[in-house]
Amino acid sequence: MNADGKSDRPIVPGKSPNKAEGRAAEAMEGRDRTKGNLFEGNTLWTQGRDGVHSALERVRQAAKEDRKQRFTALLRHVYDIERLRTAYLAIKRDASAGVDGETWEHYRENLEDNPQDLSLRLKRGAYRARPVRRPFIPKGEGQRPLGVPVLEDKIVQRTVVEVLNAIYEEDFLGFSYGFRPKRSPHQALDALTVGITTKKVNWVLDADLRSFFDTLKHAWLVQFIEHRVADKRIVRLVRKWLNAGVVEDGKRIQSEVGRVQGGSISPLLANIYLHYVFDLWVQRWRQKQARGDVIVVRLADDFAVGFEHRVEAERFLAELRERFARFGLELHPEKTRLIEFGRCARRNREDRGDRGAPETFNFLGFTYSCGKTRKGGFTVLRQRMRKRLQAKLKAVKAELKARMHDPIPEVGKYLCSVVLGHVRYYGVPMIGPAIGMFRLAVGRVWWLVLRRRSQGNHLPWCRMRPLLDTWLPPARICHLYHLVRMGVVTRGGSRMR
């Protein structure tokens, strides 16, 4: 290695990169720099974390400079031993084991050899994806299927996600917020609020895809990935995970449609699918067909679109149904609504003689409604969804009954985590009193359960208050005002466009 950081090894002739449209993303290891591949450079022969990060940074720069470039040599970043080891350490220690029963702690016993063995199998194509164990978790009145991959699949998926994010984070549009680095649901909530309050929005399409992960078509997904990835080995890895199937009740099930939720790769695959099916299409639609203002916010398969004109909103909805049907998707008939909503909604309803306030809609656990400021101006009010609040209190009551005779400190720690999680998610501006009411409701349920410990136990509320002050965190606002947050995040650029 010379003073300039370049390798002193002699240049060894080698094969040219795989055929790809446009410039090849990376030359083979051992070749000298070629015109059009300057970003790749000569990677350090023994990569530390600096070399690993700089290699992906060059991939990111190439993806940013040429949006049509296809990358041909990405697997070398995946089977990097240091990256595989880092992916393993990022997995939760108490994560559920897959069908092979391998746990985090057991894998750690041979942490020196296991990543090396996995790297070699990835290099020579001997890596095999294992079926996903499918448990079910409660969701509303039904159940939601999850996927629990084996530990090695989790490691490789995390590594592939890190590599592909270097490319797709330059492609994804600003109004896409779901499961992306440095993005959160609260940014999506604030973007929607800012869009409705600052743009000429009079109609809102609140949409939800029906069973998105169960209807995602493998053939279309692979075709979308190949728009940017010409490395057939990466595409083959994705195919292996899609075709691995699931194990349910001891039986293996395979399908050409659907992707089980739960794997590290699933959110990225969902974003890639919807990027080509929805995001790019809606961007072209509002640029070429819309005459009024149009705002879009999407988080995974939940999205909301605001329109200035009703005619455009209805035409958009009809064309969107056709667009989704082409790719095997369907809008949920009960959760998809076009409602009159915005600063002029109340006045327009009064002019037509309609009584009552404008309709409300739900988005990411919040109920959006049209409100007024103290000076009589328009504002958007966000409240917790009543249905979710009641379901949470019901679950807390059932858990407390099961823990009725547990020590007070153990129950207090559990309730502390419940209230703290609620405060951290729902603690948005103008909702402070509602957060306090939830804390009080949890405390009251705990009090009623404690009073039933024995027939002679008559715990007065005055003795219960110190317990609440000790174990339940105070209600507070955890998030900035939407205009402040979006001003800091965007720095003059729009996250709705």
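User: Which side chain does R384 join through a polar contact of 3.4 Å?

Analyst: Happy to start there! A polar contact is a pair of N or O atoms within 3.5 Å; within protein, one must be able to donate a hydrogen and the other to accept it, and residues adjacent in sequence count only if both atoms are side-chain atoms. Here the side chain of R384 meets that of H422. This is a predicted model, where local features need pLDDT of at least 70, side-chain atom pairs count only at pLDDT 80 or more, and totals for chains, interfaces and linings use all residues. Residues are numbered from 1 along each chain as its sequence is written, and side-chain values use heavy atoms, leaving out hydrogens and water.

User: Is R384 buried or exposed, and how far away is the nearest side chain of opposite charge?

Analyst: Buried means under 20% relative accessible area, exposed over 50%, and partly exposed in between (1.4 Å probe, protein chains only). R384 is buried but has no salt bridge, that is, no side-chain nitrogen of Lys or Arg within 4 Å of a carboxyl oxygen of Asp or Glu. D190, the nearest side chain of opposite charge, is 16 Å away.

User: Which strand holds R384, and how is its sheet ordered?

Analyst: Strands of a sheet pair through backbone hydrogen bonds, either parallel or antiparallel. Strands are DSSP runs (E, at least two residues), numbered from the N terminus, and two of them pair if DSSP finds at least two bridges between them. R384 lies in β12, part of an open, antiparallel three-stranded sheet ordered β10-β11-β12. The edge strands are β10 (361-363) and β12 (378-384). Seven bridges link β11 (366-372) to β12, and Y368 has R382 as its bridge partner.

Definitions and conventions: Helix = DSSP H or I, 4+ residues; strand = E, 2+ residues; numbered from the N terminus. Lys, Arg positive; Asp, Glu negative; His and termini not counted.
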